[in-house]
Amino acid sequence: MRVLVTGATGQLGQDMVKILNDANHEVMASDRGSLDITEIEACMKFLGEFQPDVVIHCAAYTAVDNAENEPDIAYTVNTGGTRNMVLASEEVGAKFCYISTDYVFDGMSTKAYQEYDNTNPQSVYGKSKRAGEILVQSLSSSYFIVRTSWVYGLHGHNFVQTMLDLGLKKPVIKVVNDQKGSPTYTIDLAEFLLELIQTTNYGIYHASNIGECTWYEFAQAIFSEARGILNIDYSVCIEPCTTEDFPRIAPRPRNSVMDHMGIRTNGLRDLRPWRDGLRGFLQELAASQQL
């Protein structure tokens, strides 16, 4: 397959390109320097020249707090940019895979969110991504919308990397214990996306590593696993706290857990449990540090 990956220098994008290359697909990796997704003519020209079979749209404005003060920028990228990429994909007959987020929900449910539950985003970021979803559903004839959560990987800033850095500098770290979700390792997500785009099982999917935890429980697991895998004697103490102890500009969902009904009902292979994914990441990190 010929696959175009937008946001290819981002956290998921870099691993997506690697997984596709390893599977011997022809990949065009684009970033802001090579393609401005906010310009429809540029999108039409770029896709017209490459003629992809599939577009995996990872590019997004993801600065959740900044989006509250920069709504025009967030909507220009996440909504307008997505519309442009969908229209260009339709022009060349490409499947369209849109990476979305748990932030399209309000986080108030007591159960895991299913793919067709009502959305109710509370932040500008979440609203702009949901608007992108609506345009994908309206304009694409062959789309996958994949919502994920708590993403981390080797490339980019994320919670796991932050915890490991702080663990070397601080004796005590306070971590929120009243927000729960499912951590997602970029390699595992990319492998799922590779399987998905080779099907015609179009629709909405929830894809994260299996299981749930709070941020506090995630932090505990990070250091528990890292001590053995990275061979570092982290002596840091993790203390639970509340969301109110760490006020943020944009509201965070209290419950980001998403059910994977779409994966099950379409006979696809689910992602592995989140703790296994964490171990896989730490092993990848350890290997990269030995190079």
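**View A. C58 counts as buried at 17% relative accessibility (buried is under 20% relative accessible area, exposed over 50%, partly exposed in between, with a 1.4 Å probe and protein chains only).** The model is predicted, with local features requiring pLDDT of at least 70 and side-chain atom pairs pLDDT 80 or more, while totals for chains, interfaces and linings use all residues. Numbering runs from 1 along each chain as its sequence is written, and side-chain values use heavy atoms, leaving out hydrogens and water. The disulfide count is 0, where a disulfide is a pair of cysteine sulfur atoms within 2.5 Å. C58 takes part in no disulfide, and its nearest cysteine sulfur, in C97, is 7.5 Å away. C43 is also unbonded, because its closest cysteine sulfur, that of C58, lies 15 Å off, too far for a bond. C43 itself is buried, at 0% relative accessible area.

**View B. The annotated region spans residues 1-285.** The UniProt record, an unreviewed entry, names this stretch "domain: RmlD-like substrate binding"; its positions follow the numbering used here, the feature name is shortened, and annotations may be inferred rather than shown by experiment. Helix makes up 42% of the chain over these residues and strand 17%, both taken as DSSP runs numbered from the N terminus (helices H or I, at least four residues; strands E, at least two). The C-alpha atoms at the two ends of the stretch are 30 Å apart.

**View C. I56 in strand β3 and its contacts.** Strand β3 covers residues 54-57. I56 has a relative accessible area of 0% and is therefore buried. Sequence neighbours within four places aside, I56 touches V3, L4, V5, T6, M16, L20, C97, I99 and I197, a contact being heavy atoms within 4.5 Å. For M16, the C-alpha to C-alpha distance to I56 is 8.8 Å, across 40 residues of sequence.

**View D. T6 in strand β1 and its polar partners.** Strand β1 comprises residues 2-6, and T6 is buried with 1% relative accessible area. The T6 side chain is 2.8 Å from the H57 side chain in a polar contact (a pair of N or O atoms within 3.5 Å; within protein, one must be able to donate a hydrogen and the other to accept it, and residues adjacent in sequence count only if both atoms are side-chain atoms). A polar atom of the same T6 side chain lies 3.1 Å from the backbone nitrogen of A59. Beyond four places in sequence, T6 is in contact with S30, I56, H57, C58, A59 and M85.

**View E. The W150 and W215 rings form a stacked pair among 15 aromatic pairs in the whole structure.** Their centres are 3.6 Å apart, with 15° between the planes. Rings of Phe, Tyr and Trp (its six-membered ring) pair if their centres lie within 6.5 Å; planes under 30 degrees apart count as stacked, over 60 as edge-to-face and the rest as tilted. W150 lies in the loop between β5 (143-148) and β6 (151-152) and W215 in helix α8 (residues 215-229), so this pair ties together parts 65 residues apart in sequence. Both are buried: W150 has a relative accessible area of 12% and W215 one of 17%. Ring pairs join W150 and W215 with Y152, F159, Y185, F218, W274 and F281 in a cluster.

**View F. Q51 and W150 have positive phi values.** Most residues other than glycine have a negative phi. The phi of Q51 is near 55°, and that of W150 is near 50°. Q51 is in the loop between α2 (40-50) and β3 and, at 40% relative accessibility, counts as partly exposed.

**View G. The charged end of R2 sits over the ring of F50.** The distance to the ring centre is 4.5 Å. The criterion is NZ of Lys or CZ of Arg within 6 Å of the ring centre and within 35 degrees of the ring normal.

**View H. S89 in helix α4.** This helix spans residues 71-92. S89 is buried, with 1% relative accessible area. Its contacts beyond four places in sequence are L47, V55, A94 and F96.
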